[in-house]
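Visitor: I'd like a close look at one part of this protein. Could you walk me through it?

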Amino acid sequence: MHSPPLLLLPPDPSLIPAYRAALLAADPSLDVTGYSRELDDAQLARIEVVLGWRLPPGLAPRLPRLRWVCSIAAGVEKLLVPELPPQVPVSRIVDPDQALGMAQHVALMVLRHARALPLYEQQQQVRSWARHPKAAARHRVAILGFGEVGRAIAEPLRALGFAVEGWRRDSGPLHALLARSDIVVNTLPLTPATQGLLDAGCWAAMPRGGYFINVARGGHVDEAALIAAVQSGQLAGAALDVQQTEPLPPDDPLWAVPGILITPHIAAQSSLETVAAQFVAGLRCLQRGEPLPHPVDRTRGY
Ligand SMILES: NC(=O)c1ccc[n+]([C@@H]2O[C@H](COP(=O)([O-])OP(=O)(O)OC[C@H]3O[C@@H](n4cnc5c(N)ncnc54)[C@H](OP(=O)(O)O)[C@@H]3O)[C@@H](O)[C@H]2O)c1
């Protein structure tokens, strides 16, 4: 069967050769074009499928034959551009290994805070052998977004004895949940409804000394309000794997706030092999006219 011409747009152009190799290993008949700004209208007019992370401004109108957009990642917000015609379906990769990686990262951050690891690391600097038994207290953990990632994070935390509560669209009011949570983990998708959701009012709603872990998107968070909440002691700190501007600029104030830990969007990455296998399975569905796996609801935005 003819393989629909595919345009590949990973987060970084340097990743194109690795993705191309993984895709061709999964199906040698694939017709793969790596994205570059130099592609002309004739080259783009052939494209029927996009596998990528974002649609650069002006690209969608140059793809008249486009009939499927598959996200390389769990998040799809950079693909749902207004220029994308409404009839083009969007789906995403759902990688169980990525969810496991997210769960490991969040468990590490929760335990690091709950067991006061930074305090003992500071004490070691001054050779202080002081014990703080309260550090082992139980913590209530709220997980905002209870989809593939949120549910995978909940499992090991519950096994470790944490009281975990998930929050989704039909759950109760956010501030009421925050008020009964010592640690808040954000795994929401970035949509018009969740953009900027985590603001000064949210930090004020949490019990004093609470902790925030973000593994979703920086766009959910009012970062200036978060810094103020940590500096005032309302929050004990935060672990931010994602920031509004990535890479985080060297002069960003987030770097220097005691209690805030920055990691460079490394909570979990999809394996190329999983992306390739799921993409090829989705392509078969497209070719047979069957429903695509893991479809995105374009009106909800996730
Ligand atoms: N840092 C990283 O390396 C990394 C890796 C993977 C994913 N992520 C991020 O994690 C996000 C979530 O991924 P996922 O696979 O878990 O997505 P998902 O399976 O689609 O789950 C999304 C969850 O968020 C909830 N939600 C959406 N909008 C909401 C709203 N307005 N109010 C309350 N709840 C809402 C959904 O509620 P319902 O259950 O009611 O639909 C669902 O429970 C991705 O979008 C991405 O941004 C980051």
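How many residues of domain 1 are in contact with how many residues of domain 2?

Guide: Happy to. Keep in mind that this is a predicted model. Eight residues of domain 1 touch five residues of domain 2. To place them, look at the domain assignment of the chain: domain 1 covers 6-95 + 270-288, and domain 2 covers 98-262. Measure from C-alpha centre to C-alpha centre and you get 33 Å between the two domains.

Now for the contact itself. The area buried between domain 1 and domain 2 comes to about 600 Å², and carbon and sulfur atoms give 42% of that area. Three residue pairs make polar contact across the interface, with both residues at pLDDT 80 or more. The salt bridge count between domain 1 and domain 2 is one. If you want a salt bridge to zoom in on, try the side chains of Arg217 and Glu77, which meet at 2.6 Å, N to O.

Let's step back to what each side is built from. One open sheet has five strands in the order 2-1-3-4-5, with parallel pairing. Strand 2 (32-34) and strand 5 (90-92) are the edge strands, each with a single partner, so one side of each has no neighbour in the sheet. Going from strand to neighbouring strand, the turn is 25° on average, direction ignored. For a detail, follow strand 1 (residues 6-9) alongside strand 2: they pair in the parallel sense over three bridges, and Leu6 has Val32 in strand 2 as its bridge partner.

The other open sheet has six strands in the order 7-6-8-9-10-11, and the pairing is parallel. Here strand 7 (163-167) and strand 11 (260-262) sit at the edges with a single partner strand each, so one side of each is left without a neighbour in the sheet. From one strand to the next, the twist averages 15°. At one end of that order, strand 10 (residues 235-240) and strand 11 run parallel and are joined by three bridges; Ala238 has Ile260 in strand 11 as its bridge partner.

Helices pack on this sheet too. Helix 5 (residues 148-159) touches strand 6 (140-144), strand 7 and strand 8 (183-186), and its direction makes about 170° with that of strand 6. Helix 8 (residues 223-231) touches strand 9 (210-214), strand 10 and strand 11, with its direction at about 140° to that of strand 10.

Notes: Residues are numbered from 1 along each chain as its sequence is written. This is a predicted model: local features need pLDDT of at least 70, side-chain atom pairs count only at pLDDT 80 or more; totals for chains, interfaces and linings use all residues. Side-chain values use heavy atoms; hydrogens and water are left out. Two strands pair if DSSP finds at least two bridges between them. Helices (H or I, at least four residues) and strands (E, at least two) are DSSP runs, numbered from the N terminus. Axes are lines fitted to C-alpha atoms, for helices over the stretch in contact, and angles run from 0 to 180 degrees between N-to-C directions. Contact means heavy atoms within 4.5 Å. Domain bounds come from an automatic or database domain assignment. Buried area is the accessible area (1.4 Å probe) that two parts lose on being put together, summed over both. A salt bridge is a side-chain nitrogen of Lys or Arg within 4 Å of a carboxyl oxygen of Asp or Glu. A polar contact is a pair of N or O atoms within 3.5 Å; within protein, one must be able to donate a hydrogen and the other to accept it, and residues adjacent in sequence count only if both atoms are side-chain atoms.
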